[in-house]
Amino acid sequence: MIKVLTYGTFDLLHHGHIRLLERAKALGDHLTVAVSTDEFNLGKGKVCAYPYEERACIVAAIKYVDAVIPETTWEQKIKDVQEHNIDIFVIGDDWAGKFDFLKEYCEVVYLPRTEGVSTTQTKNALANLKSKKE
Ligand code: C2G
C-alpha cells in the first residue's frame with residue numbers, strides 16, 4: 001500500500017484544495033492530511049474562519065482523505081513520515097523546494113496550484129458581499 005501525506009490549513013474549503021487532495025490520493029492508496037492547528041496558523045500569519053476541529057472534520061469527510069492528523073509544528077514532518085510509513089509527501093508548488101529535506105525519507109512531489117482561487121480571495125469576496133448589503 002502506497003501511503004501519501006500532505007499538510008495544510010484548508011480553511012473555507014474550495015476547489016483548489018479539493019483538486020490538490022484528489023491528485024495527492026491518485027499518487028497512492030492511502031492519503032493522510034495534517035491539518036494546521038489554530039495556534040500553528042498564527043505562526044503562519046493566518047487567522048482561520050473555521051477553528052481547527054471544524055476544518056479537520058470537513059477535511060476528514062472528503063472522499064480522497066483516509067486519515068487526518070494535527071499539524072502543530074514545522075518540525076514534525078520527518079517524524080510523521082516515519083511514524084506513518086509514508087512513501088510520498090505531496091504539497092502545492094507554492095512550497096516548491098521548501099521540503100526537499102524530506103527526500104531522504106520519502107518521495108517529495110510538488111503539484112501545480114489551482115489558479116484563480118484562494119481562501120484569501122474567498123474572504124475578500126464575502127467582505128464585498130457584506131458591504132454591498134449594507
Ligand atoms: N492549494 C492549491 N491551489 C490553491 C490553493 C491551495 O493547490 N488555489 C494547495 C496548497 O498548495 C496546499 C493545499 O492546497 O498544498 C492547502 O493549502 P493551504 O490551506 O493554503 O495550506 P498552507 O497554508 O499552504 O499550509 O506545512 C505546510 C503548511 O501547513 C501548508
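Helices here are DSSP runs of H or I with at least four residues, strands are runs of E with at least two, and both are numbered from the N terminus. This is a predicted model, where local features need pLDDT of at least 70, side-chain atom pairs count only at pLDDT 80 or more, and totals for chains, interfaces and linings use all residues. Residues are numbered from 1 along each chain as its sequence is written, and side-chain values use heavy atoms, with hydrogens and water left out.

**Exercise 1.** Work out which elements line the largest pocket.

*Solution.* Start with the term: on a 1 Å grid over the protein atoms alone, a pocket is an open set of points where a 1.4 Å probe fits, with protein on both sides within 12 Å along at least five of seven lines; lining residues have an atom within 4 Å of a point. Next, go to the centre: of the 31 lining residues, His17, Lys46, Asp94, Trp95 and Arg113 lie nearest to it. Then look at the elements: strand S1 (3-8), helix H1 (15-26), strand S4 (88-92) and helix H5 (119-133) each give at least two lining residues. H1 takes the largest share, with 4 residues.

**Exercise 2.** Place threonine 32 and decide: buried or exposed?

*Solution.* First find its element, which is strand S2 (residues 30-36). Now check accessibility: at 1% relative accessibility, threonine 32 counts as buried (under 20% relative accessible area, 1.4 Å probe, protein chains only). Last, list its contacts (heavy atoms within 4.5 Å): leaving aside neighbours within four places in sequence, threonine 32 touches Val4, Leu5, Thr6, Ala67 and Ile69.

Note on methods: Buried < 20%, exposed > 50% of the residue type's maximum accessible area, 1.4 Å probe, protein only.
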